[in-house]
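Open the model in your viewer, switch on the cartoon view and keep the selection box handy. We will go from stop to stop, choosing something to select each time and saying what is there.

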Amino acid sequence: LTYRVALAVFTRSKAAYEALQSFGIFKLPSVRLLKHFSSAYIDQPGRCETSIQFQKEKYEALKLSMSEHPTPPIGEGILIFDEVKVISKILWNSKSEEVYGLAMTEDDMTSLCDVFSELSGTSTDRTEYVLQFIWRDMSANFDVFGPYFTSHTSISSAYTLACLLDTLRLLHDFGFKSNALICDGAATNLSMVKSMMGVRGSFGMKPGCNDPHGVPCSIAHPYWPEQRLYFIVCPSHQLKNMVNALHSSRSGGNKEFQTSSGVRFGWATITALYDREVNRFQQCVPREVPKLRKNFVVRDAWTKLNVLPAKVMQQEEVLTELAEYVSVPHVDNPNVSATREYLAACNRMFEKGTLSHVPVKGADSEPVTSILQGYKYFKDWLDGLQKANPAFVSTSPKQKMFLSWQTWDLLRLMQSGFVEFCIQFTARNPGYYIVPVRVTGSAIETIFSQLKHAAGGRLTATNYAPARATLSVQRSVAPTHPANAEYRDIPVHITPVPLLRKK
C-alpha cells in the first residue's frame with residue numbers, strides 16, 4: 001500500500017491502524033515512519049510565517065484557477081479566535097529537537113528538576129491555555145489555519161489583544177485581509193472589544209438617538225485604514241447564552257422574567273412541555289419534539305456548554321407544540337404565550353438569521369430582516385418594562401425581569417456587528433454574498449474537537465502542535481466533505497500539505 005493510504009487510516013485512528021497492522025494481511029509502514037510525515041509540519045507558537053506563506057501560495061493558485069469566474073476570490077474574510085485549556089506537560093518540538101515550553105512546576109514533576117535548572121524561565125513558561133486563530137474567506141471556500149499562542153495562566157484581555165493585533169498584521173501582510181473579528185462572549189473578550197472601542201462597563205442606552213439601544217460595533221481598521229473592522233459575538237455561543245438566560249428563570253433561579261403587562265414566564269413552560277412529551281411517549285402517541293431529551297430540560301454544566309440543546313429549544317417543533325397548547329384554553333396560556341414569543345424571537349435571530357444557510361446579498365436579504373425582527377422583540381420588551389416602571393434599571397445586577405446586562409450587551413453587539421458587516425461587505429463587493437452560518441465560531445470549536453481526537457482524547461501542551469500537523473496531513477490524504485442539514489456543517493477547509501518526511 002502507498003503511504004497516502006496508510007496515512008489516511010493512521011491519521012483517523014492510530015488504534016485502528018495498529019489493529020490492521022497486527023493482522024499481517026498487508027505489509028504496512030511502521031507507526032514511527034508515519035509519524036515522520038506529520039512531524040514535518042509542526043509549528044511553534046507565534047507567527048509561523050512559513051505555514052502562512054505556504055497557504056498563501058495555495059490561495060494564489062485558487063485565485064488563478066478562478067480568474068475567469070464572475071466572483072473570483074478577493075482575499076477578504078473574517079478572523080475567528082478562541083482559547084482551549086490543555087493538559088499541562090512539556091512542549092517539545094521533534095522537528096527542531098528543542099524544548100520550547102514547560103507546563104509543570106518542579107514540585108509537579110521532580111524528575112525533571114535537572115531540565116528546569118538548565119532552561120531559562122523566560123522562554124520556557126509552562127502552558128495551560130492555547131489561543132488559536134483561523135481566517136475564513138468570505139469570497140471563496142478557503143480557510144487559513146492561523147497561528148496559535150500559548151499562555152501559562154488564564155488568558156487576559158491584554159494578552160488576547162496583543163496576539164490579535166500580531167495575527168491581524170501577519171495575515172494582512174500575506175494578503176489575507178480581515179473585515180470582522182469573531183469570538184465568544186467570554187468576559188475577557190468582551191472587555192477587550194470594549195477597550196478597543198473606548199467603552200467601559202455596560203453599553204447602556206443613548207436617549208434621543210434614532211436607536212437608543214444601538215451600540216458601536218466597529219473601529220477603523222489598524223492595517224487597512226480605508227475600511228472598518230467589525231466585532232461579532234459568535235452566534236452559536238450567543239444562542240447558548242439566550243437559552244441559559246431562559247433557564248435561569250426556573251424555580252429557584254436568579255431570574256423572574258416578566259412582560260410589561262406583568263405576565264411572568266420562563267423555564268416552567270419548557271418543563272411542562274417535556275412532561276407532555278413523556279405522556280405522549282407513554283401513550284404510544286408520536287412525539288411532537290422528537291429531539292427533546294431530559295438532560296436538555298434538567299440541565300447541568302455540560303449541557304449549558306452544548307449548542308445542540310439550545311438549538312432544539314428555539315426550533316419550529318417547540319414553537320409549534322407551544323402554539324397548539326395555547327390554542328386550547330388553559331390557566332397558564334399567558335405564561336406559555338410569553339415564553340413562546342421569547343423563543344420565536346430567538347428563532348428569527350438565530351435559526352433564520354445568523355445561523356441560516358440563506359445567502360445575504362444586501363440589506364433586504366431574508367436573514368437580515370429576520371434578525372432585525374427578532375431583535376425588535378427584545379428592544380420592545382425592555383422599553384415596555386421601563387415605561388411600566390420608570391425606576392427599572394436594566395444594568396442593575398439585582399433586576400430579575402430582563403436579561404442580565406452582560407447578555408444584553410452581547411446580543412446587541414452580535415446583532416449590530418453581523419448586520420453592519422454583511423451590509424458593508426455586500427455593498428462594497430457587488431455580486432458577492434455571505435452565507436451566515438460561515439460567520440460563526442463553530443468552525444474553531446470543530447477544530448478543537450478534531451485536535452483532541454488526533455491527540456487520542458487528551459489534548460496536552462505536548463501534543464497540541466503535533467495534533468495540528470496530523471490534522472493537516474489528514475486533510476491531505478482524506479479530505480472532508482460538507483453535509484447539508486445542521487448549523488456546523490461547513491467545516492474548516494485546512495489547506496492540504498505535500499507529504500514530506502521529517503528531515
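The tour below starts at a sheet, moves on to helices that pack against it or each other, and ends at a few single residues.

Before you begin, please note that this is a predicted model.

**Stop 1: the sheet**

Start by colouring the strands. Six of them make up an open sheet with mixed pairing, and the order across it is S5-S4-S1-S6-S8-S7. At the edges you will find S5 (143–151) and S7 (218–220), each of which pairs on one side only. Turn the view to look across the strands: the twist from one strand to the next averages 25°.

**Stop 2: strand S6 and its partners**

Now select residues 177–183, which are strand S6. Is this strand enclosed or open to the outside? Six of its seven residues are buried, so S6 is largely enclosed by the rest of the structure.

Add residues 76–85, strand S1, to the selection: S1 and S6 run parallel and are joined by five bridges. To see one of these pairings, show Leu79, whose bridge partner in S6 is Leu181.

Next add residues 228–233, strand S8. S6 and S8 also run parallel, with four bridges between them. Here Cys183 is the residue to show, with Val233 of S8 standing opposite.

Go one strand further, to S7. Which way do S7 and S8 run, parallel or antiparallel? They are antiparallel, and three bridges join them. Ser218 has Tyr230 in S8 as its bridge partner.

**Stop 3: helices on the sheet**

Keep the sheet visible and bring in helix H16. This helix packs on the sheet, where it touches S1, S6 and S8, and its direction makes about 140° with that of S8. Then select residues 442–454, helix H17, which also packs on the sheet; H17 touches S1, S4 (129–137) and S5, and its direction makes about 45° with that of S1.

**Stop 4: H15 against H16**

Hide the sheet for a moment and select residues 366–388 (H15) together with 405–428 (H16). The two helices pack at an angle of about 150°, their axes 11 Å apart. Angles over 145 degrees count as roughly antiparallel, and H15 and H16 are therefore roughly antiparallel to each other. Their crossing is left-handed.

Show side chains to see who meets whom. From H15 come Val368, Ile371, Leu372, Tyr375, Phe378, Lys379 and Leu382, and from H16 come Trp408, Leu411, Arg412, Gln415, Phe418 and Val419. By type, the residues of this contact are 10 nonpolar, one polar and two charged.

**Stop 5: H7 against H16**

Leave H16 on screen and swap H15 for H7, residues 187–196. H7 and H16 pack at about 60°, with 12 Å between their axes. These two helices are therefore oblique to each other, and this crossing is left-handed too.

Which residues of H7 meet H16? Leu190, Val193 and Lys194 do, and on the H16 side they meet Trp405, Asp409, Leu410 and Leu413. This contact divides into five nonpolar residues, no polar ones and two charged ones.

**Stop 6: Val86**

Now zoom in on Val86, in the loop between S1 and strand S2 (90–93). With a relative accessible area of 3%, Val86 is buried. Show what surrounds it: beyond its neighbours within four places in sequence, Val86 is in contact with Thr127, Glu128, Tyr129, Val130, Leu459, Thr460, Ala461 and Tyr464. Try a distance label from Val86 to Tyr464: the pair is 378 residues apart in sequence, yet 8.1 Å apart in space, C-alpha to C-alpha.

**Stop 7: two cysteines**

Finish with Cys48 and Cys284. Cys48 sits in the loop between helix H3 (31–39) and helix H4 (49–65). Although not a glycine, Cys48 has a positive phi of about 40°. Cys284 belongs to the loop between helix H9 (268–282) and helix H10 (294–297), and has a positive phi of about 60° although it is not a glycine.

Switch on the surface for a last look. Which way does each cysteine fall, buried or exposed? Cys48 is buried, with a relative accessible area of 15%, whereas Cys284 is exposed, with a value of 72%.

Definitions and conventions
Residues are numbered from 1 along each chain as its sequence is written. This is a predicted model: local features need pLDDT of at least 70, side-chain atom pairs count only at pLDDT 80 or more; totals for chains, interfaces and linings use all residues. Side-chain values use heavy atoms; hydrogens and water are left out. Axes are lines fitted to C-alpha atoms, for helices over the stretch in contact, and angles run from 0 to 180 degrees between N-to-C directions. Angles under 35 degrees count as roughly parallel, over 145 as roughly antiparallel, 65 to 115 as roughly perpendicular and the rest as oblique. A crossing is left-handed if the near helix is turned anticlockwise from the far one by less than a right angle, and right-handed if clockwise. Contact means heavy atoms within 4.5 Å. Ala, Val, Leu, Ile, Met, Phe, Trp, Tyr, Cys and Pro count as nonpolar, Asp, Glu, Lys and Arg as charged, and the others, Gly among them, as polar. Buried means under 20% relative accessible area, exposed over 50%, partly exposed in between (1.4 Å probe, protein chains only). Two strands pair if DSSP finds at least two bridges between them.
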